[in-house]
Amino acid sequence: MRILVTGSSGQIGTNLALRLHRDGHDVFGVDKRLNTWTDEFRYLLQDLSGHYPSFPDGIGGVEYPEVDLVVHLAAHAKVHQLVRQPHRAIENAVMTFNVLEFCRQQGLPIVFSSSREVYGDVHRFAEEEAKETSADFAYTESTYSASKIAGEALIYSYARCYGLNYLVFRFSNVYGRYDNDLARMVRVIPIFIHTMLRDEPITVFGPDKTLDFTYVDDCIDGIVRGIDALAEGHVVNETINLAYGQGNTLVRAAELIGAELDVEPKVTLAPSLLGEVTHYVADLTKARELLGYEPLVPLEDGIPRAVAWFREHRAAHPEEETALPADALFPQDAEIGWKPVPAS
């Protein structure tokens, strides 16, 4: 197939594009920043968050090559950044609208990347696992989760109004290869690895916080299964969790990283931050039944792979061995009243 991947320079986008390329598909990417990981597929530098007039052959008056299916991954994905800068949540919705308009005019099916953030936090303690039907948008925790809820709502409306075929995947804490852009992204696994390698203390925001960590190869396998099923018409207009299906605390993740690095983690405990989901374990029933999805990499196996890749990359890029950017430290912003809140 000919597949357009938006957000093709990010971690999931890069891994997905390379997998699709290896599988024999023609991949065309769109991202507003350079891909620093690979040059094995074509991509266009473009900001998709502009308010563009209608142009059926592409977005923003740019003509795209002909494609058969779109995977829309592009988004501002830093939860805490969107809490501090809520206009970025609107930009996420605008990006999704622009991509949907392209799909509508071209008659293309779309795979949309949503997030476990849409489940919120308050009611998660009442159930062991998060089923797709249990998302209650009254429990929106942050402007980031609101942007993903808005994206899903747009997808569902386009399906009803215009006959658009879709799959929505709700990802959860994807980690692993090509996850080292600490100047841009704030992901806990690479931050912990980076900090422990420097023999510096780490801060765990939420000692009891339980999350469902997904190794990137499992995530990509699920997306590829979804692409094939959607293109063939076997699975259409479904919303599906993609995760490992097991909860782990941040403290447990830190312990596994410390063991792999042969260091004793210096852990500082702090309350969870505003907008954070503190408990999530995915229900994978739909992914298994509809796509034959079966994750293979538990955190105990994924952490050694992530650490090995991180070390290999850092050895090739010693210039990245610097202190974390201020954004990665989750500074409080007194001007907007952003402050940590106790975990309930």
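Is His87 buried, partly exposed or exposed? His87 is partly exposed, because its relative accessible area is 44%, and 20% to 50% is the range between buried and exposed. The residue belongs to helix H3, which spans residues 87-106. Its C-alpha atom lies 8.9 Å from that of Thr143, a residue 56 positions away along the chain. This is a predicted model.

## Overall make-up

The chain holds 9 helices and 13 strands. It has 344 residues, and 55% of them count as buried. Consider the contacts with a separation of 6 or more. Of these, 78% join residues 24 or more positions apart.

## The sheet

Seven strands make an open sheet, in the order S3-S2-S1-S4-S5-S6-S11. Their pairing is parallel. The edges are S3 (42-45) and S11 (238-242). Each has a single partner strand, so one side of each lacks a neighbour in the sheet. From one strand to the next, the twist averages 20 degrees.

Three of the pairings can be set side by side.

| Strand pair | Sense | Bridges | Opposite residues |
|---|---|---|---|
| S1 (residues 2-6) and S2 (residues 26-31) | parallel | 5 bridges | Arg2 and Asp26 |
| S4 (residues 69-72) and S5 | parallel | 3 bridges | His72 and Phe112 |
| S5 and S6 (residues 166-171) | parallel | 6 bridges | Phe112 and Val168 |

Strand S5 covers residues 110-115 and is mostly covered, with 6 of its 6 residues buried. Both of its faces are shielded. One side carries Ile110, Phe112 and Ser114. The other carries Val111, Ser113 and Ser115. Phe112 links the pairings on both sides: it faces His72 of S4 and also Val168 of S6.

## Helices on the sheet

Helix H1 packs on the sheet and touches S1, S2, S4 and S6. The direction of H1 makes about 170 degrees with that of S1. Helix H4 (residues 143-162) lies across S5, S6 and S11. H4 runs at about 150 degrees to S5.

## H1 against H6

How far apart are the axes of H1 and H6, and at what angle do the helices pack? The axes are 10 Å apart, and the angle is about 60 degrees. The two helices are therefore oblique to each other. H1 passes H6 in a right-handed crossing.

The contact involves residues from both helices. H1 (residues 11-22) brings Gln11, Ile12, Asn15, Leu16, Arg19 and Leu20. H6 answers with Val216, Cys219, Ile220, Asp221, Ile223, Val224 and Ile227.

Leu16 also has partners outside H6. Beyond neighbours within four places in sequence, Leu16 is in contact with Val5, Val71, Leu73, Ile220, Ile223, Val224 and Ile227.

## Nonpolar cores

The largest nonpolar core has 66 residues. Which residues have the most contacts inside it? They are Leu16, Val71, Phe169, Phe171, Ile189, Ile223 and Ile227. Helix H6 (residues 216-232) gives the most to this core, with 8 residues. A second, separate core has 24 residues, including Val30, Ala159, Leu164 and Val168. Val168 is also the residue of S6 that stands opposite Phe112.

## Backbone exceptions

Most residues other than glycine have a negative phi. Two residues in loops go the other way. Asn173 has a positive phi of about 45 degrees. Asn173 sits in the loop between S6 and strand S7 (174-175). It counts as partly exposed, because its relative accessibility is 22% and buried means under 20%.

Tyr178 has a positive phi of about 65 degrees. Its place is the loop between S7 and helix H5 (188-197). With a relative accessible area of 16%, Tyr178 is buried.

## A buried asparagine

Where does Asn248 lie? Asn248 is in strand S12 (residues 248-249). At 9% relative accessibility, Asn248 counts as buried. Setting aside neighbours within four places in sequence, its contacts are Lys209, Thr210, Leu211, Phe213, Leu299 and Glu300.

Definitions and conventions:
Residues numbered from 1 in each chain as written. Predicted model: local features only at pLDDT ≥ 70, side-chain atom pairs only at ≥ 80, totals over all residues. Heavy atoms only, no water. Buried < 20%, exposed > 50% of the residue type's maximum accessible area, 1.4 Å probe, protein only. Helix = DSSP H or I, 4+ residues; strand = E, 2+ residues; numbered from the N terminus. Pairing = 2+ DSSP bridges. Core = buried A, V, L, I, M, F, W, Y, C linked by side-chain atoms within 4.5 Å. Contact = heavy atoms within 4.5 Å. Axes fitted to C-alpha atoms, helices over the stretch in contact; angles between N-to-C directions. Parallel < 35°, antiparallel > 145°, perpendicular 65-115°, else oblique. Left-handed = near helix turned anticlockwise from the far one by under 90°.
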